Amino acid sequence: MDKIINYILDEDKGFGDISSESVIPKDLKVTGFIVSKDVGIAAGMDIVEDIFKSYGIRVAKKVEDGQEIEKGDILFNFSGDARTILLLERTVLNISMRMSGVATSTNEITKIVHNVNPNIIIAGTRKTSPAFSHFDKAAIKIGGGDPHRYALDDMVLIKDNHIAIAGSPLEALKSAKNNVSFSKKIEIEVGTIEDAIEVAKNGADIVMLDNFDPDKVKECIKRLKELNLRNNVLIEVSGGITKDNILNYAPLNIDIISLGYLTHSARSLDFSLKINQV
């Protein structure tokens, strides 16, 4: 994360903040605050605090990650060099606004599902903003969800393109089991009930039912139960699931719902940095 933050700051700064340098006297000290203009779940507060402190800005964090915030809530008070604060302004706002939006989206979805079925894990996907994956995943956790994979080395997740190359879900699964350490879980994406049964029989740890409608999920679970396979695997459903249709899946006997909606469709919350005293 530190490398990404430094890159974001360098990208924003360019060859220097010529606006501040042309208007703000050098070494001028100011105080100010960051205020929420939205309702939601705060995330990225620890990161903002660390950024301010690493640049010599005194900061008082007023809310914690995971805390509910209202419009008008003060998130931070700060004091320090005016030029430095303005240099950091857009970076700290962009990070905290994006993370809070993802945390809010995750929290909302998790509450909707857990009101019906508290045992289902709500998980993210790798459909994150480029170079921002770790921030998005951290925000999902803060919002009450599971980040799923942080990177490709976390677990084996065999998807449609792997299967297209390997020849079939079963062949892909066998190859993975022969080539990967026992310490790594193996998940495989399937598009038919027959493939779900086949990979459950042959040692998959997690079966992802990709783009199954609720009725098809029910039928798949029923077939796995009849064959005494349901308890052998975790069942994840994914593909086209949003806030609008997730309640169709919540009552089902599944373990995980993963949805890119948490990140690719999350709306950033609106925060503002204000200088209140010179």
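**Close-ups of helix 1 and the aromatic pairs**

**View 1. Helix 1 packs its buried residues against three other helices.** Those residues are in contact (heavy atoms within 4.5 Å) with helix 3 (45–54), helix 4 and helix 5 (133–142). This is a predicted model, where local features need pLDDT of at least 70 and side-chain atom pairs count only at 80 or more, while totals for chains, interfaces and linings use all residues. Numbering runs from 1 along each chain as its sequence is written, and side-chain values use heavy atoms, leaving out hydrogens and water. Helices here are DSSP runs of H or I with at least four residues, strands are E runs of at least two, and both are numbered from the N terminus.

**View 2. Helix 1 (residues 2–13) has two sides.** Ile5, Ile8 and Leu9 are buried (under 20% relative accessible area, 1.4 Å probe, protein chains only). They line one face, because their directions from the helix axis to the C-beta atoms fall within an arc of 95°. On the other side, Lys3, Tyr7 and Glu11 are exposed (over 50%). Just past the helix, Gly14 takes a positive phi of about 60°.

**View 3. Phe52 and Phe76 make an edge-to-face pair.** Ring centres sit 6.4 Å apart with 70° between planes; pairing needs Phe, Tyr or Trp (six-membered ring) centres within 6.5 Å, with planes under 30 degrees apart stacked, over 60 edge-to-face and the rest tilted. Phe52 is in helix 3 and Phe76 in strand 5 (residues 74–81), so the pair ties together parts 24 residues apart in sequence. Both Phe52 and Phe76 are buried.
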